[in-house]
Amino acid sequence: MSGDLIFLMFILMLAVFLGLELISKVPSTLHTPLMSGSNAISGIALVGALLAAGAADSTPLSIGLGTAAVALATINVVGGYLVTQRMLAMFKKKRGDRQ
Amino acid sequence: MSVYIQLAYLLAAFLFALGLKLMSSPDTARLGNLASACAMLLTVVVTLLHTGVVEYQWILLGVVVGSAIGSLAATRLQLTEMPELVALFNGFGGGASLLVGWEAYHRQPLQDPLSAVTILLAVVIGGVTFSGSLVACGKLREIGWRSFRLSRPLLFPGQQPINFLLLALLCVGGLLYGLDSPESQTLFLVLMASAFLLGIMVVVPIGGADMPVVIALLNSYSGLAACAAGFVILNNILIVAGALVGASGLILTNIMCKAMNRSLANVLFSGFGAVAGKTRKGTGGDPRPISAEDAYFILEAARSVVFVPGYGLAVAQAQHGVMELGELLEDNGCDVRYAVHPVAGRMPGHMNVLLAEANVSYDLLVEMEDVNPTMEAVDVCVVIGANDVVNPAARDDSESPIYGMPIIEVDRARVVIVLKRSMAAGFAGIENPLFYKDNTRMLFGDAKSSLNAVLGEFKRS
């Protein structure tokens, strides 16, 4: 168990560094789509929610918590990606079109 | 966990990272978002094949309800409601992490100390994110009751000690809980409630103009909450994705703080808008009001124009008017640019999205550091609904509460036209000497109607 934890902490550390490197290259023009896009990624908790809601031998409370978690995370994921796509669709170079 | 699921998670982690990398240019950003969405879909589908997942009816219920609400909100709402929506979605992500932690606790209350602590972290960070984001959303929506406005910084005596006590309670309680892992649920529920309360208490004193910092910070928290949930269920994809989001939020928070020349602690604990009420009389002289016709003559003769938008542009919904005026000026042979301050608006990049919505080409948007050195060569700066981000007192007046904050130095342009409702001071009640400068002209009125009046002059000629 603790061996797993240590291993996961290595992953965490490397992922944070990767995140810092990647994000610092995003121009300020895209900060809002970046935020809503990364916000959608944070809906990854959906994985945990699926495992909770789909587990066998659950008490009613477990089912309730799991289902609510699935719903909240899905709103976050679906809504987040759609909003981001909607915003990014507006970012265009239009100069050429006008001539 | 089967090796195939792990391999699929590996691919998903790659796609998440690739998606963020593609965000580095507006040309590839849509592809990046798509890559990230594919990674999410892959993760979800693969997780459903997990041997631990045997009951599908509740999952189906949650996914159907969540998809319906999420897609409706994302496609039906106005783009101007984007900041609220992002805050709300963010809160839901935190809420989901909290529920995952809670469910893990309920399933197996007696845990070894390390697992107990990870569960508590998921619940506490998730709880703070959830309640904090809801309050932030309420502030952005300008929810109020009678004379009470949630958007104003709410300060009361004993606020700091209460926050400190809550934090201490969470630390001590968390330690007790981790060491002892008691069978009674009371401690767990008390800690969860404290997390909710802390989230509310931290966001309530934040003033409107500080919202970009808080939104970015809450974004970071939602990632950390997902990370903690990943440690609860020992799942690496949650940790990778959560860490990417956490890092993204941290960087944005840092950029926003730098752009205001303030530390994070200062933003979170000072209630800036309420404290800095010290108004100073302007450097003498009277503001010089002009009519739309005067503005037309100034702009018509200009060879180079820079628009500086602020939150007032969003309030007046004047972005389409700005775009139209910009195009007319371009057709007139004028060099047009849009200078955006990092903290203009209510969330990071708010102004960029507004201008993009109005079809302003993104290569015309320039950042503060790039536009300032060229200011002397600019004929006209048009300031629309921005105030503190163009206040020269931040540069010249060491007594000013915003002294040291980087600004767009519009006062160095030959002429500045300020579109403004009235002479009222900005959100913090700070006097703006820009309005009294010799080269400043004031065009009073609602930004949208002022712009329309100027546009009318252009079209008539």
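In this predicted model, a good place to start is the open sheet of chain B, where six strands with parallel pairing follow the order β5-β4-β3-β6-β7-β8. Its edges are formed by β5 and β8 (440-444) of chain B, each of which pairs on one side only. From one strand to the next, the twist averages 25 degrees.

At one edge of this sheet, β5(B) runs parallel to strand β4 (residues 335-340) of chain B, and three bridges join the two. Within this part of the sheet, B:Val340 stands opposite B:Glu367 of β5(B).

Helices lie across the strands as well. Helix α12 (residues 292-301) of chain B lies across β3 (304-309), β6 (380-384), β7 (415-420) and β8 of chain B, and its direction makes an angle of about 145 degrees with β7(B). Another helix, α15(B), lies across β3, β4 and β5 of chain B, running at about 140 degrees to β4(B).

Attention now turns to a pair of helices in chain B. Two packed helices are described by the angle between their axes and the distance between the axes. For α1(B) and α2(B), the axes come within 7 Å and cross at roughly 160 degrees. Because angles over 145 degrees count as roughly antiparallel, α1(B) is roughly antiparallel to α2(B). The crossing of these helices, α1(B) and α2(B), is left-handed. On the α1(B) side, the residues that meet α2(B) include B:Ile5, B:Ala8, B:Leu15 and B:Phe16. Among their counterparts in α2(B) are B:Leu31, B:Ala35, B:Leu42 and B:Val46. By class, the contact of α1(B) with α2(B) has 17 nonpolar and five polar residues, with no charged ones.

Finally, chain B also meets a partner chain: 97 residues of chain B are in contact with 78 residues of chain A. On the chain B side, the elements giving two or more residues are α1 (3-22), α2 (29-48), α3 (57-76), α4 (82-107), α8 (211-232), α9 (236-259), α15 (350-357) and β5 (365-367). The helix α4(B) supplies the largest share of that side, with 16 residues. Sorted by class, the side of chain B that touches chain A holds 57 nonpolar, 31 polar and nine charged residues. Several elements met above return here: α1(B) and α2(B), along with α15(B) and the strand β5(B), are among those that contribute to the side touching chain A.

Note on methods. Residues are numbered from 1 along each chain as its sequence is written. Chains are lettered from A and ligands numbered from 1 in the order in which they are written. This is a predicted model: local features need pLDDT of at least 70, side-chain atom pairs count only at pLDDT 80 or more; totals for chains, interfaces and linings use all residues. Two residues are in contact if their C-beta atoms, placed from the backbone, lie within 7 Å. Helices (H or I, at least four residues) and strands (E, at least two) are DSSP runs, numbered from the N terminus. Ala, Val, Leu, Ile, Met, Phe, Trp, Tyr, Cys and Pro count as nonpolar, Asp, Glu, Lys and Arg as charged, and the others, Gly among them, as polar. Two strands pair if DSSP finds at least two bridges between them. Axes are lines fitted to C-alpha atoms, for helices over the stretch in contact, and angles run from 0 to 180 degrees between N-to-C directions. Angles under 35 degrees count as roughly parallel, over 145 as roughly antiparallel, 65 to 115 as roughly perpendicular and the rest as oblique. A crossing is left-handed if the near helix is turned anticlockwise from the far one by less than a right angle, and right-handed if clockwise.
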